[in-house]
Amino acid sequence: MECRVLSIQSHVVRGYVGNKSATFPLQVLGFEVDSINSVQFSNHTGYAHWKGQVLTAEELNVLYEGIKLNKVNHYDYILTGYCRDQSFLEMVVDIIQGLKKANPSLIYVCDPVMGDHGAMCFICHYCLFLYRLLTGRKINTEEDAVEVMDLLHKMGPETVVLTSTDIPSKNGDQFLVALGSHKIVKPDGTKTNQKIYMDIPKVDAVFVGTGDLFAAMLLAWTHYHPKDLKMACEKTVSVMHHVIKRTITYANEMAGPGKRPSPAQLELRMVQSKADIENPAIIVEAKIIQKPSH
């Protein structure tokens, strides 16, 4: 069966961020991807210069109306990333509700692109409220993370993944900690969940578009492993590892000895990573951190 994704994210002419990071990997893995670009920029904003346009809520609605009028608004997944302001995000909510009516089994994959290292620098503060994914809780320990994931489950999402936390890794400061939780209903009706913990090796460079790639790969691998979050996350993180390793190797070669690579040199080596995206060798293993709870 054909599996179709509507992806509402940013777009760049040069490089890989937003829809440019998500579309190719999803297509490689067999998904049909329809893209709406929330912004269209020459390149990501980490460069010295950038130019472009921002899609308004009204323009977003016009695009969706065209899809709806032609009765081609049946999607299996909707994926959202960077949404700049309140009115745009509210329109996204309206579109999701419309898509849910067309297909009640639609799965919404929300990547709340908000900022880095505690700085809410990417979107307006009202958008933080609209996401309703913020529990108002700080995550300092594994126990905090488990509680927050359970709170988010109570709000509706069946799968929650925390990709960048400040939890110290047991393996030292050269690792990032990621956690995930998935609700499962057994045939007898009892509910369990699978919670996982991952130590991800850090790479000493600033990459752009990796979060967008992560969300797309999580969508793909949870689709192919719907009852095994451990496997889905292992494949997702391993794809990331292969792409980033290939990118930093190339960037360092281009920059030359002793020089830090430029933003252009650090653009993700996506096309060159096609084989790893399709069939990633597992590099990072996830650990079950909690027995299923009933």
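K71 sits in the loop that runs between α2 (57-69) and β4 (77-80), and in this predicted model its phi is near 55°, a positive value in a residue other than glycine. Most residues other than glycine have a negative phi. K71 is also exposed, with a relative accessible area of 73%, which lies over the 50% that marks an exposed residue. The points below turn to two helices, a cavity and three further residues.

**Helices α6 and α7**

- Helix α6 covers residues 210-224, and its end C-alpha atoms are 21 Å apart, which agrees with the 21 Å that its 15 residues should span at 1.5 Å a residue.
- Because 11 of the 15 residues of α6 are buried, this helix is largely enclosed by the rest of the structure.
- The buried residues of α6 are T210, D212, L213, F214, A215, A216, M217, L218, L219, A220 and W221, and one of them, F214, is also among the residues that line the largest cavity.
- Helix α7 takes in residues 229-255, and its 27 residues reach 38 Å from the first C-alpha to the last, close to the 39 Å expected at 1.5 Å a residue.
- Just after α7 comes G256, which takes a positive phi of about 95°.

**The cavity**

- When the whole structure is searched, one cavity of 30 Å³ or more is found, and the volume of the largest cavity is about 30 Å³.
- The lining of the largest cavity is made by V161, A178, L179, G180, I196, M198, F214, C233 and V237.
- At least two residues of this lining come from each of β7 (175-185), β8 (191-201) and α7, with β7 giving the most, namely three residues.
- By residue type, the lining of the largest cavity divides into eight nonpolar residues, one polar residue and no charged residue.

**S7 in strand β1**

- S7 belongs to strand β1, which is formed by residues 4-12, and at 1% relative accessibility S7 counts as buried.
- Leaving aside residues up to four places away in sequence, S7 touches N19, V33, D34, S35, I36 and L79.
- With N19, S7 also makes a polar contact between side chains, at 2.5 Å.

**Y108 in strand β5**

- Y108 is found in strand β5, residues 107-110, and is partly exposed, with a relative accessible area of 32%.
- Residues up to four places away in sequence aside, Y108 touches I78, T80 and I96, and its side chain makes a polar contact of 2.7 Å with the side chain of T80.
- Y108 and P157 are 49 residues apart in sequence, while their C-alpha atoms are 8.8 Å apart in space.

**E267 in the loop after α7**

- E267 is placed in the loop between α7 and α8 (274-278), and E267 is buried, with a relative accessible area of 7%, a value under the 20% that defines a buried residue.
- Not counting residues up to four places away in sequence, the residues that E267 touches are R14, G15, Y16, H44, Y47 and T247.
- From E267 to G156 there are 111 residues along the chain, and the C-alpha atoms of these two residues are separated by 35 Å.

How values were computed:
Residues numbered from 1 in each chain as written. Predicted model: local features only at pLDDT ≥ 70, side-chain atom pairs only at ≥ 80, totals over all residues. Heavy atoms only, no water. Helix = DSSP H or I, 4+ residues; strand = E, 2+ residues; numbered from the N terminus. Buried < 20%, exposed > 50% of the residue type's maximum accessible area, 1.4 Å probe, protein only. Expected span 1.5 Å × (residues − 1). 1 Å grid on protein atoms, 1.4 Å probe; cavity = no way out; pocket = protein on both sides within 12 Å on 5 of 7 lines; lining within 4 Å. Points joined across faces, edges and corners; volume = space filled by probe spheres on them. Nonpolar A, V, L, I, M, F, W, Y, C, P; charged D, E, K, R; others polar. Polar contact = N/O pair within 3.5 Å; in protein donor to acceptor, adjacent residues only side chain to side chain. Contact = heavy atoms within 4.5 Å.
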